[in-house]
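Biologist: I would like a close look at one part of this model. Choose it, and set it against the whole.

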Amino acid sequence: KRQKRKPKIVVLCDVSYSVWQVVPFMLNILYSVQDCLTRVRSFVFIAQVTDVSETMKNHDLIEAIDRVMADFKLESPHNAVYGDTKDRDPSDADPEISDYGAAFEHFSRSHADVLDKKTTLIILGDGRTNFLDPRPDLLEALRERCRRIVWLNPEAEALWEDGDSRISAYRPSCDEVRPCQNLNELSDFISGLIL
């Protein structure tokens, strides 16, 4: 009897202020994926990408989330939502607003070796680029390196093409783009990965 293959997963999670309200939920997704599966690498980003695999693996849920939020100085946003220079913490090397193009470029340059043809790349984020260059070409290059890309969006589908959302630019490189706004949708997705 053939054994089921254990999926190899890489998760890239947006923790910027545009998703501030759902960052704990998305980090919970990140933690759940890593907790349920054995071969998972976890990364978070605003514009620069950070590997948080060890944090997720070595701490319980609440402590892992607290550590990631503290490392990224994720305090409740005030005027920094739009990244005004005067409101930035000088010790914070990463801007407060998401830059998917910069994040994909940094991931491609520094971490693309974690992808291979057995890997599912999961992106957790709203795809809001703050009107910066979305660089869908970089996502397509990552797609060439892995088995498939699944994008989980915490926003309602009706908002996906509103304002600075660039989901339509990223969709052609994704095998699946789906909403993930609650625990039922998360449970369904995780079950699908395991089965």
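Modeller: Two residues are in contact when heavy atoms of theirs lie within 4.5 Å. Among contacts in the protein between residues at least 6 apart in sequence, 76% join residues at least 24 apart. The model is predicted, so local features need pLDDT of at least 70 and side-chain atom pairs pLDDT 80 or more, while totals for chains, interfaces and linings take in all residues. Numbering runs from 1 along each chain as its sequence is written, and side-chain values use heavy atoms, without hydrogens or water.

First, the setting. The protein has seven helices and six strands (DSSP runs numbered from the N terminus: H or I of at least four residues for helices, E of at least two for strands). Along the sequence, the pattern is β-α-β-β-α-α-α-β-α-β-α-β-α. Of its 195 residues, 50% are buried (under 20% relative accessible area, with a 1.4 Å probe and protein chains only).

Now the part: helix α1, residues 23-36. Its 14 residues should span 20 Å at 1.5 Å a residue, and the end C-alpha atoms are 20 Å apart, which agrees. That expected span is 1.5 Å times one less than the number of residues. The helix is largely enclosed by the rest of the structure, because 10 of its 14 residues are buried. Among them are Val 23, Phe 25, Met 26, Leu 27 and Ile 29. The polar residues Ser 32 and Gln 34 are buried too.

What does α1 pack into? The largest nonpolar core has 34 residues, and Leu 27 and Val 44 touch the most other members. Such a core is a set of buried Ala, Val, Leu, Ile, Met, Phe, Trp, Tyr and Cys residues joined through side-chain atoms within 4.5 Å. At least two residues each come from β1 (8-14), α1, β2 (39-45), α3 (61-71), β4 (119-124), β5 (148-153) and α7 (183-194). Helix α1 gives the most, with eight residues. A second, separate core of 25 residues includes Phe 45, Ala 103, Leu 139 and Ile 149.

Val 44 ties back to α1. Residues up to four places away aside, Val 44 touches Leu 27 and Leu 30, and also Cys 13, Val 49 and Phe 72, among others.

Gln 34 leads on to helix α2. Beyond four places in sequence, Ser 53 is in contact with Gln 34, Val 40, Arg 41 and Ser 42. Ser 53 belongs to α2 (residues 53-58). Ser 53 is buried, at 4% relative accessible area.
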